[in-house]
Amino acid sequence: MKISYNWLKEFLNIDLDVEKVSEILTDLGLEVEGIESYESVKGNLNGVVVGEVLSCEQHPNADRLKVTQVDLGDGSPVQIVCGAPNVARGQKVPVATIGTVLYTDQGEDFKIKKGKIRGELSHGMICAEDELGLGQSHDGIMVLPEDTKVGSAAADIFELYNDKVIEIGLTPNRADAMSHLGVARDLYAGLLQMEEIQTKLNTPSVSDFHIDERTFNIKVEVDDYDQVPRYAGITITDLKIEESPAWLQNKLKAIGLGPINNVVDITNYILHGLGQPLHAFDADKIKGGKVVVKNLPAGTPFLGLDGVERELHEDDIMICDAKDNPMCIGGVFGGLNSGVTEETKSIFLEAAYFDPVSIRKTAKRHGLNTDASFRFERGINPNAVVYALKRAAIWIAQLANGKIVSEITDLYPNKIEDFQVNFSYEKAFKLIGEEISTDTIKDILASLDIKINHQTQSGLGLTIPAYRVDVTREADIVEEILRVYGYNNISIPEKIKTSVSSSEKWTKEKIEQRAAGFLISNGIYEAMNNSLTKPDYSSISENLNEERNVNILNALSGDLAVMRQSMLFGLLESLSYNINRKNSDLKLFEFGNTYHKFDSGYVENKHLSIVITGSRSKENWAQNDGSTDVFYLKGIIKSLLEGLGLKNLKYGKVKNDIFSEGISLYLGKTRIVEFGVLKTNLLKEFGIKQEVLFADFDWNRVIENAGKSSIKISELPKYPEVRRDLALLLDENIEFIDLYNFAFQSERKLLKDMDLFDVYMGDKLPEGKKSYAMSFILQDDKKTLTDKQIDKIMNKLQEGFKKNFKAELR
């Protein structure tokens with residue numbers, strides 16, 4: 001939001017450097033993002049002086065050029081070649097001297113240099129209005145009054161306007177500061193805390209408002225006072241629509257607004273000055289002499305000021321005439337056929353307070369973000385509507401020669417009441433951390449337009465103005481006091497007192513932090529993706545269902561139209577983005593939620609997902625970088641879960657069609673995680689050509705079971721372990737997990753571990769067969785195993801594999 005410093009000083013009698021004012025505003029919470037200079041004439045006519053044409057002769061080599069001798073007031077006349085048809089001897093003219101920089105309408109600069117024009121020397125330029133930025137005329141050079149002093153600086157003759165424009169990064173909660181008056185009010189409160197600066201807040205008066213005659217009254221009717229709590233209007237006639245005076249144009253230009261005409265400019269002046277949006281209708285175009293504020297049927301066409309036809313929604317607030325013709329989208333955008341033009345003679349001037357939620361939805365639906373909607377949707381001052389209307393009427397009567405010809409119509413059946421808050425000194429001092437003088441607190445509250453209803457030794461009863469929509473609680477009052485008093489003025493104690501609080505070891509926050517710390521320490525970086533995603537992703541996997549999509553109302557785009565059902569696709573988008581930028585060795589994890597819609601309602605589940613692709617580590621001369629594989633991911637998963645106290649995990653088959661090879665880990669019958677190698681056809685959807693590993697944790701189940709396994713301490717085994725290997729010929733549909741589970745079911749006591757160390761599939765084997773080479777670790781904690789015991793166990797395993805899986809010994 002742009003604030004003109006000159007405009008701000010109309011509300012406050014101050015003479016401070018704009019940098020100091022910016023510092024104070026930032027301390028008050030209105031963060032200043034930048035300061036710009038505004039000049040009504042770019043360059044301020046530096047180098048342009050008043051000259052007198054001493055002689056004017058025809059150019060010997062050009063019919064349309066004249067050679068002049070010009071006195072610049074320094075006693076040394078200069079020769080200037082001029083092409084203007086109206087240049088003549090004896091004229092007082094503006095002259096751009098050598099070295100002067102002038103600017104075009106597009107802001108491009110050009111420097112005046114000494115040169116030759118068709119063989120004649122020229123030491124400067126006699127200027128026209130448009131060349132100096134003082135007007136649009138280029139019919140000839142400017143001719144100044146005869147009594148103008150030769151040698152005077154042009155900047156001293158013309159009324160130039162210079163300003164400093166403060167750019168404020170306004171936060172959504174500060175609806176009260178969306179105007180010059182609102183910023184001035186805050187600045188006034190801050191200045192009162194500085195003893196060396198004395199000022200007062202000047203609120204423009206409406207005592208000059210008067211009704212000239214009562215001859216043209218336009219009736220007003222409001223259908224829904226919930227949508228339109230207050231609506232006011234007045235009729236003004238005998239208008240002369242023309243350009244605004246220079247002072248008004250400069251004020252608007254300084255904050256980035258283009259002047260239109262005197263009536264529209266005044267409505268913008270009130271909008272940015274006082275924060276109340278206004279709208280002027282051509283009164284002669286209001287059919288039936290009546291304004292009706294209502295909703296129109298969905299699909300009703302409306303032609304806006306921008307010439308675009310839009311279809312209305314049934315909840316849009318519309319300003320209509322007696323024939324139900326839409327003239328304006330209330331609080332958002334005006335209509336093309338009812339606006340003020342050069343032919344307008346009478347206007348109906350509207351000021352209103354619209355429901356912020358209704359305005360926000362309408363502006364969003366139609367993709368319109370106007371200065372009016374920006375303010376209405378955040379909440380303006382409902383009790384300043386008529387005041388702003390009177391100020392505008394006074395200015396229109398003055399600048400457009402208008403007559404006020406009706407009473408003010410003010411429909412306000414249910415007054416919006418101010419907020420009532422009880423304030424305790426003791427609670428405030430606890431929040432602040434130190435005691436502030438109660439007199440200082442009262443002064444701050446008064447400066448912020450917060451009234452004290454009653455006071456006791458322990459606190460205050462306060463009335464908060466309705467426009468302070470962000471101040472409704474005692475804590476909000478404390479924040480207001482602190483920001484005006486100054487956070488920097490709160491002393492930092494020399495000693496910090498704290499107490500050690502007891503908390504559970506396995507809270508969900510600590511579990512997540514512990515898991516994140518483990519993953520980061522293993523070189524896996526955290527990713528954060530949008531919970532909104534493409535609806536098409538639900539068709540990629542049979543495990544997802546389009547009917548379970550949680551759709552977004554008024555989606556920003558088709559790519560952000562539904563809530564995600566899986567964490568996978570956001571992570572694959574991240575992988576694709578990085579791989580396309582030559583970063584192909586990636587390890588990412590993400591905590592997040594997935595969202596589903598069922599007949600019984602909406603369901604939200606917490607997940608931890610991991611994607612890994614490329615090499616395990618960066619290239620290094622001392623070691624092989626080694627590609628990541630499913631066993632590497634398995635080690636990460638198992639270490640993570642064991643670190644969280646989840647032990648005795650069992651392997652199972654994966655039930656997700658996104659994996660070409662996958663495994664599930666169960667705790668009892670509860671599935672904890674699925675992981676494996678993603679299918680290549682899935683990766684093609686994202687333009688990924690390298691192998692990607694993916695793991696998806698049901699994080700709610702992890703949290704439920706974390707820390708439940710008790711820690712068992714046992715002696716180191718005294719007796720040696722024994723390894724035996726088997727190479728089996730199997731059908732290619734047999735998976736290692738099936739053999740693994742069967743082996744531990746067959747020998748639960750002495751079988752300690754089992755691993756797959758070689759897989760062979762080739763033309764030397766029968767079709768449809770593969771070879772698994774597996775190792776078995778056997779150990780007895782109480783004695784050394786004998787060959788007889790070992791052979792007995794291995795024979796049992798071999799016979800079991802043969803019987804249940806038709807395995808043959810190779």
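## Exercises on helices, sheets and loops

The crossing of helices H7 and H10 is right-handed. This is a predicted model, so keep that in mind as you work through the exercises.

### Exercise 1: a helix pair

Task: Describe how H7 and H10 pack, and which residues make the contact.

Solution. Start with the geometry. H7 covers residues 262-274 and H10 covers residues 385-399; the two pack at an angle of about 145 degrees, with axes 10 Å apart.

Next, list the contact residues. H7 supplies Asn262, Val263, Ile266, Tyr269, Ile270 and Leu274. From H10 come Tyr387, Ala388, Arg391, Ala392, Trp395, Ile396 and Leu399.

Finally, sort them by class: the contact of H7 with H10 has 11 nonpolar residues, one polar and one charged.

### Exercise 2: the faces of H11 and H12

Task: Which residues of H11 are buried, and how are they placed around the axis of H11?

Solution. Begin with burial, for which the cut-off is under 20% relative accessible area. In H11 (residues 425-432), Tyr425, Ala428, Phe429 and Ile432 are buried. Seen down the axis of H11, these buried residues fall within an arc of 95 degrees, so they line one face of the helix. Here is a handy reminder: an α-helix has 3.6 residues a turn, so residues three or four places apart point the same way.

Now turn to the other side of H11, where Glu426, Lys427, Lys430 and Leu431 are exposed.

To finish, ask what the buried residues of H11 pack against. Their partners are strand E25 (419-424), helix H12 (438-447), strand E27 (459-464) and helix H13 (474-485).

Task: Repeat the analysis for the buried residues of H12.

Solution. The buried residues are Ile441, Ile444, Leu445 and Ser447. Around the axis they cover an arc of only 165 degrees, which puts them on the same side of H12. The buried residues of H12 pack against helix H5 (180-191), E25, H11, E27 and H13.

### Exercise 3: a sheet of five strands

Task: What is the strand order of the open sheet of five strands, and which strands stand at its edges?

Solution. First, write down the order: E5-E4-E3-E6-E11, with antiparallel pairing.

Then look at the ends. Strand E5 (78-82) and strand E11 (125-126) are the edge strands; each has a single partner strand, so one side of each is left without a neighbour in the sheet.

Last, check the pairing of E11. Two bridges join E11 to strand E6 (residues 92-96), and these strands run antiparallel. Val95 stands opposite Ile126 in E11.

### Exercise 4: a sheet of seven strands

Task: Trace the open sheet of seven strands and find the helices that lie across its strands.

Solution. Start with the order, E28-E32-E33-E37-E36-E35-E34, with mixed pairing. Strand E28 (525-526) and E34 stand at the edges with a single partner strand each, so one side of each is left without a neighbour in the sheet.

Now walk inward from E34. Four bridges join E34 (residues 650-653) to E35 (residues 659-667), and the two run antiparallel. Tyr651 has Leu665 in E35 as its bridge partner, and a hairpin of five residues joins E34 to E35.

Continue to E36. Eight bridges join E35 to E36 (residues 670-678), again antiparallel. Leu667 is paired with Thr670 in E36. In this hairpin, with two residues between the strands, Gly668 takes a positive phi near 70 degrees.

Farther along the order, seven bridges join E33 (residues 601-613) to E37 (residues 692-698), which run antiparallel. The bridge partner of Ile612 in E37 is Leu693.

Complete the picture with the helices. H14 (residues 508-521) lies across E32 (586-598) and E33, running at about 145 degrees to E32. H15 (residues 568-579) lies across E32, E33, E36 and E37, also at about 145 degrees to E32.

### Exercise 5: positive phi outside glycine

Task: Where are Asn401 and Asp449 found, and is each exposed or partly exposed?

Solution. Recall the background: most residues other than glycine have a negative phi.

Take Asn401. Its phi is positive, about 60 degrees, although Asn401 is not a glycine. Asn401 is in the loop between H10 and strand E23 (403-404). At 57% relative accessibility, Asn401 counts as exposed, as the cut-off is over 50%.

Then take Asp449, with a positive phi near 70 degrees. Asp449 sits in the loop between H12 and strand E26 (451-455). With 31% relative accessibility, Asp449 counts as partly exposed.

How values were computed
Residues numbered from 1 in each chain as written. Predicted model: local features only at pLDDT ≥ 70, side-chain atom pairs only at ≥ 80, totals over all residues. Heavy atoms only, no water. Axes fitted to C-alpha atoms, helices over the stretch in contact; angles between N-to-C directions. Left-handed = near helix turned anticlockwise from the far one by under 90°. Contact = heavy atoms within 4.5 Å. Nonpolar A, V, L, I, M, F, W, Y, C, P; charged D, E, K, R; others polar. Pairing = 2+ DSSP bridges. Buried < 20%, exposed > 50% of the residue type's maximum accessible area, 1.4 Å probe, protein only. Arc of directions from axis to C-beta.
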